[in-house]
Amino acid sequence: MCHITYCSMFEQSYIQSIDSILNLPEKELLTKRSLIQLQRIKNEITGERDKECFCSMVRRKVWIKDFVKWYEGAN
């Protein structure tokens, strides 16, 4: 079910955290706090350093769309 690259890296705690944040109402989902939590998880899983600051609402919407695409593709 999960993508071979990330299968062993998606611990249950990550999945629960990600799903609980993604299920928030859009207004809460797009807060800097929520996105920073998702960014930290993604950085830990991928080993890459995402430096998005989330200052702009437009950038937040683009980032969360890309995150969901990455998460659904890897999970």
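The legends below describe close-up views of a predicted model.

**View 1. The protein chain is built from four helices and zero strands.** From the N terminus on, its elements run α-α-α-α. The chain has 75 residues, and buried residues make up 33% of them. Among contacts with a separation of 6 or more, 62% join residues 24 or more positions apart.

**View 2. Helix α4 covers residues 57-74.** How far apart are the end C-alpha atoms of helix α4? They are 25 Å apart, which agrees with the 26 Å that 18 residues should span at 1.5 Å a residue. At the N-terminal end, Ser-56 caps α4. The cap is made by a side-chain oxygen of Ser-56, which lies 3.2 Å from the backbone nitrogen of Val-58.

**View 3. Helix α4 has a buried side and a face turned away from it.** Which residues of α4 are buried? They are Arg-60, Trp-63, Ile-64, Phe-67, Trp-70, Tyr-71 and Ala-74. These residues lie on the same side of α4 because they cover an arc of only 125° around the axis. Helices α1 (12-22), α2 (26-29) and α3 (32-46) are included in what covers them. On the face turned away from the buried side, α4 carries the exposed residues Val-58, Lys-65, Lys-69 and Glu-72.

**View 4. The largest nonpolar core contains 18 residues.** The members that touch the most others are Phe-10, Ile-18, Leu-38, Trp-63, Ile-64, Phe-67 and Tyr-71. Helices α1, α3 and α4 are the elements that give two or more residues to this core. Which helix supplies the largest share? It is α4, with six residues. In soluble globular proteins, nonpolar side chains tend to be buried together.

**View 5. Leu-38 is one of the core members that touch the most others.** Leaving aside neighbours within four places in sequence, Leu-38 is in contact with Trp-63, Ile-64 and Phe-67, among others. Those three residues belong to the buried residues of α4. The contacts of Leu-38 also include Ile-18, Ile-21, Leu-22 and Leu-29.

**View 6. Gln-39 is a buried residue in helix α3.** Is Gln-39 buried or exposed? Gln-39 counts as buried because its relative accessibility is 8%, under the 20% limit. Leaving aside neighbours within four places in sequence, Gln-39 is in contact with Asp-50, Lys-51, Glu-52, Phe-54 and Trp-63. One of these partners, Lys-51, is 12 residues from Gln-39 in sequence. In space, the C-alpha atoms of Gln-39 and Lys-51 are 8.8 Å apart.

**View 7. Phe-54 sits in the loop between α3 and α4.** Its phi is near 65°, a positive value in a residue other than glycine. Phe-54 has a relative accessible area of 1%, so this residue is buried. Gln-39 of helix α3 is in contact with Phe-54.

**View 8. Cys-53 and Cys-55 do not form a disulfide.** A disulfide is a covalent bond between the sulfur atoms of two cysteines. How far is the sulfur of Cys-55 from the closest cysteine sulfur? The distance to the sulfur of Cys-53 is 3.1 Å, which is too far for a bond, because a disulfide needs the two sulfur atoms within 2.5 Å. The count of disulfides comes to zero. Cys-53 lies in the loop between α3 and α4. Cys-53 counts as partly exposed because its relative accessibility is 42%. Cys-55 has a relative accessibility of 56% and therefore counts as exposed. The C-alpha atom of Cys-53 is separated by 9.5 Å from that of Leu-35, a residue 18 positions away along the chain.

How values were computed
Residues are numbered from 1 along each chain as its sequence is written. This is a predicted model: local features need pLDDT of at least 70, side-chain atom pairs count only at pLDDT 80 or more; totals for chains, interfaces and linings use all residues. Side-chain values use heavy atoms; hydrogens and water are left out. The expected span of a helix is 1.5 Å times one less than its number of residues. Buried means under 20% relative accessible area, exposed over 50%, partly exposed in between (1.4 Å probe, protein chains only). The arc is that of the directions from the helix axis to the C-beta atoms. Contact means heavy atoms within 4.5 Å. A polar contact is a pair of N or O atoms within 3.5 Å; within protein, one must be able to donate a hydrogen and the other to accept it, and residues adjacent in sequence count only if both atoms are side-chain atoms. A nonpolar core is a set of buried Ala, Val, Leu, Ile, Met, Phe, Trp, Tyr and Cys residues joined through side-chain atoms within 4.5 Å.
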